[in-house]
Amino acid sequence: MIEVDTGRFRNSGDQPHERLPRRLGDSRSNAPLTFDEGRPHLGAALVLPGEPDQVAVMRRRIRSRTNGRSPETDAVVLLASELFTNSLRHSRSGGPGGEVTVAVFKLPGRYQVRVTDQGPRESEEGDSFPHLRTLDPLSEGGFGLRLVANEASRWGTIHEDGRTTVWFELDRVPPTLDS
């Protein structure tokens, strides 16, 4: 099934067409970081234009993948939004023609989310890989990755082929009999 954000289709006259998200066919992006051969996984990857308004598209996609009603859904959406925004702010993905790949997996007992950007901007090569900053309460930034580190069950970074992936997992709470 292909998900379409119908609000993106408008009779725009002479206005340029907006770039739409697209599914990713790369099998590495459509498999979780840790894969149990004997257990199925449910997941999908989506490539989004590196534009701030695409965070809403990403949130809807994650809600659809996490059933939208689970206790963990809000946390998964919040953490993924932080990583998506960081990709736009700190990588080439936020520049003209940039893209961000978001992959969401429902694994046994947990959700896994990966946000992959197009790597550091040339002007920031030295200190641009995702890392926790020293906590400065007077700073306007530097809290997003700290939020991921505090709220996620596990998280990490991968640097490969000039791209940067920040991933996290959030353990799912088993349903109770009285709910």
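**Figure 1. Buried residues account for 35% of the 179 residues in the chain.** The model shown is predicted. The chain exposes about 10700 Å². Carbon and sulfur atoms supply 52% of that exposed area. Now take contacts between residues at least 6 apart in sequence. Of these, 63% join residues at least 24 apart.

**Figure 2. Three helices and six strands make up the list of elements in the chain.** Follow the sequence from its start and the order reads β-β-α-α-β-β-α-β-β. The next views pick out some of these elements.

**Figure 3. Helix H1 spans residues 54-65 and holds Arg61.** Is Arg61 buried or exposed? Its relative accessible area is 8%. The cut-off for buried is under 20%, so Arg61 counts as buried. Now look for Ala45, which sits 16 residues from Arg61 along the chain. The C-alpha atoms of Arg61 and Ala45 are 9.9 Å apart.

**Figure 4. Helix H2 runs over residues 73-90 and contains 18 residues.** From the first C-alpha of H2 to the last, the reach is 26 Å. That is close to the 26 Å expected at 1.5 Å a residue. Which residues of H2 are buried? They are Thr73, Val76, Val77, Leu79, Ala80, Ser81, Leu83, Phe84, Ser87 and Leu88. Keep the helix geometry in mind when you trace them. An α-helix has 3.6 residues a turn, so residues three or four places apart point the same way.

**Figure 5. Strand E6 covers residues 163-171 and is largely enclosed by the rest of the structure.** Why does E6 count as largely enclosed? Because seven of its nine residues are buried. E6 pairs with strand E4, residues 110-117. The two strands are antiparallel and share eight bridges. One pair to find is Val115 with its bridge partner in E6, Val166.

**Figure 6. Strand E5, residues 154-160, is joined to E6 by seven bridges.** These strands also run antiparallel. Find His159, then its bridge partner in E6, Thr164. Next find Arg154, which stands opposite Glu169 of E6.

**Figure 7. Asp161 lies in the loop between E5 and E6.** How many residues separate the strands of this hairpin? There are two. Asp161 is not a glycine, yet its phi is positive, at about 55°. Is Asp161 buried or exposed? Its relative accessibility is 61%. The cut-off for exposed is over 50%, so Asp161 counts as exposed.

**Figure 8. Arg172 lies over the face of Tyr111.** The distance to the ring centre is 5.2 Å. What about rings paired with rings? A pair of aromatic rings is described by the distance of the centres and the angle of the planes. To pair, the centres must lie within 6.5 Å. By this rule, the count of aromatic pairs is zero.

Key. Residues numbered from 1 in each chain as written. Predicted model: local features only at pLDDT ≥ 70, side-chain atom pairs only at ≥ 80, totals over all residues. Heavy atoms only, no water. Phe/Tyr/Trp six-rings, centres within 6.5 Å; stacked < 30°, edge-to-face > 60°. Lys NZ or Arg CZ within 6 Å of the ring centre and 35° of its normal. Helix = DSSP H or I, 4+ residues; strand = E, 2+ residues; numbered from the N terminus. Expected span 1.5 Å × (residues − 1). Buried < 20%, exposed > 50% of the residue type's maximum accessible area, 1.4 Å probe, protein only. Contact = heavy atoms within 4.5 Å. Areas by Shrake-Rupley, 256 points an atom, 1.4 Å probe, with all protein chains shown as cover. Pairing = 2+ DSSP bridges.
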